[in-house]
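Please look at the model below before reading on. The paragraphs that follow go first to the contact between chains and then to two loop residues.

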Amino acid sequence: MALRLPRSGVPQVLAFLAILAVNWMVSAQFFDIRFQDGRLFGSLIDVFNRGAPVALLAIGMVLVIATRGIDLSVGAVMAICGAIAATLADTQPLPVVIAAALGAGLLCGLWNGLLVAVLGIQPIIATLILMVAGRGIAQLITEGRIVTFTSPDLAWFGGGSVLGVPAPVAITFTVLVLTILLVRRTALGLMIEATGGNARASALAGVGTRVMTMAVYVWCGFCSALAGIVAAADILGADANNSGLWLELDAILAVVIGGTSLFGGRFSVVLAVLGALIIQAMNTGILLSGYPPEFNLVVKAVVVLVVLLMQSPRFSGLAILLSGARK
Amino acid sequence: MNRLLPVLVTTAVFLVGFIICSLQYPNFASTRVVANLLTDNAFLGIVAVGMTFVIISGGIDLSVGSVIGFTTVFLALAIERHDVPPLVAFALVLVICAAFGAAMGAAIQYFDLPPFIVTLAGLFLARGASFLMSTESIAINAPLYSDIAGYAIRLPGGGRLTIIALMMLAVFVAGGVLLHFTRFGTNVYALGGSRASTALMGVRVGATTIRIYMLSSVLAGLSGIVFTFYTSAGYSLSAVGVELDTIAAVVIGGTMLTGGYGFVFGTFVGVLIQGLIQTYITFDGSLSSWWTKIATGVLLFAFIAFQQLLVVLARRPPRRVAGVVPS
């Protein structure tokens with residue numbers, strides 16, 4: 001039952017397949033996959049590869065949203081951790097680099113968790129602080145420059161491969177499986193859902209809501225740190241200004257597309273990752289079709305509105321009312 | 001007294017900051033610096049007035065930065081490429097912004113959606129629309145613009161109180177009157193206190209919500225007009241991230257993020273504090289621009305923690321009188 005889905009997920013799978021089909025119509029080579037230099041290549045592989053950072057963010061974000069929270073700082077945390085990894089890469093051994101970057105991500109998550117769970121600040125506002133200050137901290141680390149590195153060890157996280165699968169995809173898949181095992185094989189998932197459904201009632205029922213809330217923000221910080229490492233390794237450098245810019249919005253969008261309600265409660269990690277892939281497939285499709293990439297934002301806006309309207313209780317109530325009136 | 005405490009603290013912080021700056025740099029305390037402080041932050045101040053209304057009503061508007069960007073591109077294209085008289089273009093763009101805000105307000109009200117996600121879609125939509133119109137920076141050479149740039153009230157000491165600084169001050173006065181002395185303003189406070197009670201009192205919640213977001217978008221449009229006066233150009237990437245600066249200014253100004261409490265004057269001081277940090281960094285010369293973000297983040301945290309403390313103190317039961325045993 002590890003892969004039990006709270007909702008069927010059929011609409012999301014159909015949407016993903018439909019977008020892939022459109023991409024195939026736009027560019028006939030879309031499904032061509034080559035095996036070269038011990039790694040798979042092709043547009044379809046690219047969708048998974050490019051979608052990996054947002055998918056990682058979405059894995060962290062979906063748990064936060066399930067507790068009725070939100071984490072606006074993921075993009076800034078990505079920038080901080082990418083900056084740390086890139087700055088240390090050429091002077092320190094790989095384990096130190098990774099540990100420092102992941103440690104920074106965990107610390108950022110802990111900070112957010114403390115503000116939300118202990119000080120009781122609204123999640124939007126609590127994480128806004130790090131969103132504003134975080135990019136400044138990242139620029140402080142890189143001293144305002146774009147730091148580049150040559151270390152092949154760190155570069156593996158962006159361009160390497162495991163059994164032919166690109167490393168970012170393999171990392172995302174590993175984190176996904178790990179997260180699902182954690183939340184569905186133990187009672188953690190249930191407790192997270194309970195916290196999001198009704199924090200007060202859950203606390204009275206003996207759920208450690210404070211610890212749960214802290215834990216999801218820390219996990220979100222960890223996932224953002226991984227995403228930051230992957231993004232930095234991908235371009236062999238860290239750009240404190242642009243790394244992860246607006247990705248918090250993409251991650252939230254991915255979770256919303258995945259059917260998890262912003263009002264907390266039931267959630268699906270798998271569908272959130274699928275949501276991230278849907279977003280990436282749309283981006284790739286727009287690029288392949290030759291439309292200017294500026295269309296991306298407008299398309300995203302329309303997708304957000306449609307998904308929101310479908311989720312809105314008022315809207316479905318209206319639809320039922322209308323169909324009832326017809327009969 | 002207690003009601004005014006956050007605003008008084010903000011004002012004290014600004015005055016102390018200004019005195020420290022003046023002691024360090026003898027040229028700081030001049031009308032020139034003060035007038036520039038007003039001119040450089042005019043667009044931020046205007047949009048912050050709208051945000052104050054939104055936040056007091058318990059909502060949030062993430063779309064304002066994009067609306068500013070949209071306005072600048074629209075004005076540049078209309079005036080330069082299509083020879084629309086500037087004043088007609090101003091009227092047109094304000095009508096578009098009003099419709100945009102009303103649509104967001106209606107979506108929030110009638111589909112019961114969180115303001116955060118609706119205005120996020122608005123952010124994507126407005127930014128995407130400005131990208132679609134033009135991705136290049138277009139200079140505006142209309143005579144009206146050079147007239148406005150050339151006119152200023154000269155203050156003793158070399159300061160120039162520009163038109164856009166005067167516009168900001170006028171918007172603050174008008175916003176203060178609207179919020180504190182009209183029925184609409186009282187309704188805004190009531191909405192922030194409790195939506196359900198407000199509706200039961202007979203206030204038209206829907207109309208008020210729509211008007212609040214309309215006001216915010218119109219002021220964002222006005223701020224965009226001021227932005228074109230300031231830069232004499234329209235660019236689709238202008239004012240990226242301004243929504244965060246705006247929210248930070250409102251919070252630093254002592255407005256409660258949970259709604260129901262705040263003053264327009266506090267927002268004015270909040271904007272000035274942000275401007276003061278930037279001016280200090282410019283004066284210093286050795287500090288880099290990213291310290292602005294970090295300092296804003298630290299201030300944001302300090303004020304949110306302070307608000308939280310006030311809430312906790314207010315909830316604490318009155319101390320028992322010594323010697324009286326509760327029955």
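**A contact and two loop residues**

The structure shown is a predicted model. Begin where chain A meets chain B. The contact draws on 32 residues of chain A and 36 residues of chain B. On the side of chain A that touches chain B, three helices each supply at least two residues: α5 (123-142), α13 (295-311) and α14 (313-326). The greatest share on this side comes from α5(A), which gives 12 residues. Sorted by class, the side of chain A that touches chain B holds 22 nonpolar, six polar and four charged residues.

Now turn to the backbone. Most residues other than glycine have a negative phi. Two residues in this model can be set beside that rule.

Take Arg68(A). Its place is the loop between α2 (43-66) and α3 (74-88) of chain A. Arg68(A) is not a glycine, yet its phi is positive, at about 70 degrees. Is Arg68(A) buried or exposed? Neither label fits: Arg68(A) counts as partly exposed because it has 18 C-beta neighbours inside 10 Å, while a buried residue needs 20 or more.

Chain B offers Asp112(B), which sits in the loop between α5 (86-110) and α6 (115-133) of that chain. Asp112(B), also a residue other than glycine, has a positive phi near 55 degrees. How many C-beta neighbours does Asp112(B) have inside 10 Å? The count is 13, so Asp112(B) is classed as partly exposed; a residue counts as exposed at 12 or fewer.

Methods: Residues numbered from 1 in each chain as written. Chains lettered and ligands numbered in written order. Predicted model: local features only at pLDDT ≥ 70, side-chain atom pairs only at ≥ 80, totals over all residues. Helix = DSSP H or I, 4+ residues; strand = E, 2+ residues; numbered from the N terminus. Contact = placed C-beta atoms within 7 Å. Nonpolar A, V, L, I, M, F, W, Y, C, P; charged D, E, K, R; others polar.
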